[in-house]
Amino acid sequence: MAGSAHGHTPAAWTGVIISFIGFCIAGVFMVAANQVGFWAGMGVVLLGGVIGLAMKGAGLGMPKESEAVAAARAAATAKLRA
């Protein structure tokens with residue numbers, strides 16, 4: 001998994017950090033029995049996903065793999081397994 005560099009982009013890190021902060025906010029307000037604060041925290045979680053997708057759309061995410069690269073990866077994997 002580490003060889004694919006999955007998720008090692010500014011878009012992924014930003015989205016996860018914002019979502020984590022939202023989970024923390026929601027958790028604190030859930031313990032405090034405050035429904036408004038809980039749902040505000042869940043809104044921050046969703047905001048993290050939206051910001052991550054927007055950053056990916058702006059080119060800060062993983063580039064899509066071309067057909068040639070995907071075929072070469074599949075051939076190399078098949079060769080290693082044989």
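Ala 33 is a good place to start: at 69% relative accessibility, Ala 33 counts as exposed. Ala 33 sits in the loop between α1 and α2 (35-60), and its phi is near 60°, a positive value in a residue other than glycine. That is worth a glance, since most residues other than glycine have a negative phi. Please keep in mind that this is a predicted model.

**Confidence**

- Across the chain, pLDDT averages 87, and 90% of the residues score at least 70.
- Helix α1 (residues 10-31) has the highest mean pLDDT among the elements, at 95.
- At the other end of the scale is helix α3 (residues 67-81), with the lowest mean, 80.
- A word of caution for reading any such model: where pLDDT is low, the predicted coordinates should not be read in detail.

**Overall build**

- The chain holds three helices and zero strands, and its elements follow the order α-α-α from the N terminus on.
- Its radius of gyration is 19 Å, whereas a compact globule of 82 residues would have one near 12 Å.
- Measuring along the principal axes, the C-alpha trace spans about 55 × 30 × 15 Å.
- Of the 82 residues in the chain, 17% are buried.

**The nonpolar patch**

- Seven names are worth finding on the surface: Trp 13, Ile 17, Phe 20, Ile 21, Ile 25, Val 28 and Phe 29 form a nonpolar patch there.
- Together these residues have about 690 Å² of accessible area.
- One of them, Ile 25, belongs to helix α1.
- Ile 25 counts as partly exposed because its relative accessibility is 30%, which falls between the limits of 20% for buried and 50% for exposed.

**The aromatic pair**

- A search of the whole structure turns up one aromatic pair.
- Its partners are Phe 38 and Trp 39, arranged edge-to-face, with 4.9 Å from centre to centre and 80° between the planes.
- The angle earns that label because planes over 60 degrees apart count as edge-to-face.
- Phe 38 is partly exposed, with a relative accessible area of 21%.
- Trp 39 counts as exposed, at 58% relative accessibility.

**Three residues to visit in helix α2**

- Gly 37 is found in helix α2 and is buried, because its relative accessible area is 8%, under the 20% limit.
- From Gly 37 to Ala 78 is 41 residues in sequence and 51 Å in space, C-alpha to C-alpha.
- Val 44 also has its place in helix α2, and it counts as partly exposed at 23% relative accessibility.
- Val 44 and Ala 11 are 33 residues apart in sequence, and their C-alpha atoms are 16 Å apart in space.
- Ala 58 lies in helix α2 as well, and at 62% relative accessibility it counts as exposed.
- Between the C-alpha atoms of Ala 58 and Ala 40 there are 26 Å, with 18 residues separating the two along the chain.

Notes
Residues are numbered from 1 along each chain as its sequence is written. This is a predicted model: local features need pLDDT of at least 70, side-chain atom pairs count only at pLDDT 80 or more; totals for chains, interfaces and linings use all residues. Side-chain values use heavy atoms; hydrogens and water are left out. pLDDT is the predictor's confidence in each residue, from 0 to 100. Helices (H or I, at least four residues) and strands (E, at least two) are DSSP runs, numbered from the N terminus. Patches are made of residues with over 30% relative accessible area and no salt bridge: like charges are joined within 9 Å, nonpolar side chains (Val, Leu, Ile, Met, Phe, Trp, Tyr) within 5 Å. Accessible areas come from the Shrake-Rupley method with a 1.4 Å probe; for residues, only the protein chains shown count as cover. A salt bridge is a side-chain nitrogen of Lys or Arg within 4 Å of a carboxyl oxygen of Asp or Glu. Buried means under 20% relative accessible area, exposed over 50%, partly exposed in between (1.4 Å probe, protein chains only). Rings of Phe, Tyr and Trp (its six-membered ring) pair if their centres lie within 6.5 Å; planes under 30 degrees apart count as stacked, over 60 as edge-to-face and the rest as tilted. The radius of gyration is taken over C-alpha atoms; the globule rule is 2.2 Å times the number of residues to the power 0.38.
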